[in-house]
Amino acid sequence: MKAVDVRRSVAPVARLPEHEKLGRLVARSLGWEAAALPAALKPAQLADLPDIVALRQEHLRGAWDDHAYLRWRYRLGRDSGGFGDLWYLRAQGQIMAIIGVEALRAELGAQSWSGAQVMDLLIRPEAQESGLGIWLNQAMLARHDFTLAVGANHNSAGIVRRMFEPLPPRLTFTHPLDLAPFVRRRWPAAAGLPLVMRMANGGLALRRLALRRHRPRGITVESATRLDPAMPVPSGQDADCVRLRRDSAYLQQRLMGNPRRGLSLRLARREGAVVGLIAWSIGADDRGRPELHVVDWHHDSDATLHALLHEAVREAAAQRCSCVRVTLQDHAAQRVAAQAGFLASHGDEGRLCGVQSRDPALARLLAQARWSLTDASDDGDAL
């Protein structure tokens, strides 16, 4: 699902009609025969791409370069390429709705499950009140052990709150490098005093120097443009934290192959071995000032994450960014970020995310476990 900044937590899951019964209700609402609804839902092929792009351009703002983006994101009937399938529902020659899934493999201790992340949900306005969005999510859930929703737009947020078990909130942490944009929002008069701002930013620079004195030793960080396909992806050993299994070939394509967003990549090494990686993009705030946005990271220990975050701050300062932003879900990562000088955003209630399964016990197990989702799991680049 597309990740617009919807920041209310997921409500307890309401009781929903079973998939088959809801399908009959949706079909009746749309004026279709009951059997026509499941028959009309199909995985998209390359030949369907022009109609899907036209639907997205008609109803989404900024749906640019969709042909390249969707070919990168989805299989579209090909044997290789893409991370999952894009499903569409066509009626009377017109695509009424689409929903995408990315295949996942989740591990918790010695257990593992095949799942999917749902994304790119789009329904024509005339069908949005029919229950079709929930029915499409149920259709995806029927094909997997579990489904994961990370982010939502204002239409799909209600579906996530009703259908998914809430996960721990993903909170924004910020490392300020230039106080002017932040002061301008709260105290515009103070932002117009050059001497005050120079003194404040000088204090920030001294703070960064003090923090760097405590950065972990024995870890070097280097720039990279490609990941060795044979390189194991660094990970911790927390048995109570859900891990999404990612190999280096996936990360190379996911982080460096996106036609819509360029990322910079850094590798952390200890005694020559790769023990962590981090990827970020340089964006802009509402006044066009650059900000560094940490998108993804993998690490073997808190010390490695600490070193990677310090590297992000160092690069942001070199690029004259006003701040570094990172979205953190796990308390351990939040603690490390605080040690590296990141501050929790005031009043942040967390970004919407949830998990669901046809097996209530599995849904509860996954919802109560620790998660550490990064923005690589957020569908923000779909916009």
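Me: In this predicted model, what stands opposite Val324 in β13?
Reply: That's His175.

Me: What makes β7 and β13 a pair?
Reply: Two strands pair if DSSP finds at least two bridges between them. Strand β7 (residues 171-176) and strand β13 (residues 323-328) share 6 bridges, running in the antiparallel sense, so they count as paired.

Me: Which sheet do they sit in, and in what order do its strands come?
Reply: An open one of 7 strands with mixed pairing, in the order β8-β10-β11-β12-β13-β7-β14.

Me: And what makes β8 and β14 edge strands?
Reply: Each pairs on one side only, β8 being 220-224 and β14 being 343-344.

Me: Over to the helices. Why is α11 called oblique to α12?
Reply: Helix α11 (residues 302-318) packs against helix α12 (residues 331-339) at an angle of about 50°, with axes 9 Å apart. Angles under 35 degrees would be roughly parallel, and 65 to 115 roughly perpendicular; about 50° fits neither, so α11 is oblique to α12.

Me: Which residues make that contact?
Reply: From α11 come Asp302, Leu305, His306 and Leu309, and from α12 come Ala333, Arg335, Val336, Ala337 and Gln339. By class, that's 5 nonpolar, 2 polar and 2 charged residues.

Me: How do you know where the predictor is confident?
Reply: Look at pLDDT, which runs from 0 to 100. The chain's mean is 86, and 86% of its residues reach 70 or more. Among the elements, strand β10 (residues 264-270) has the highest mean, 97, and helix α8 (residues 188-191) the lowest, 58. Over residues 1-14 the pLDDT is below 50. Where pLDDT is low, the predicted coordinates shouldn't be read in detail.

Technical notes
Residues numbered from 1 in each chain as written. Predicted model: local features only at pLDDT ≥ 70, side-chain atom pairs only at ≥ 80, totals over all residues. Heavy atoms only, no water. Helix = DSSP H or I, 4+ residues; strand = E, 2+ residues; numbered from the N terminus. Axes fitted to C-alpha atoms, helices over the stretch in contact; angles between N-to-C directions. Contact = heavy atoms within 4.5 Å. Nonpolar A, V, L, I, M, F, W, Y, C, P; charged D, E, K, R; others polar.
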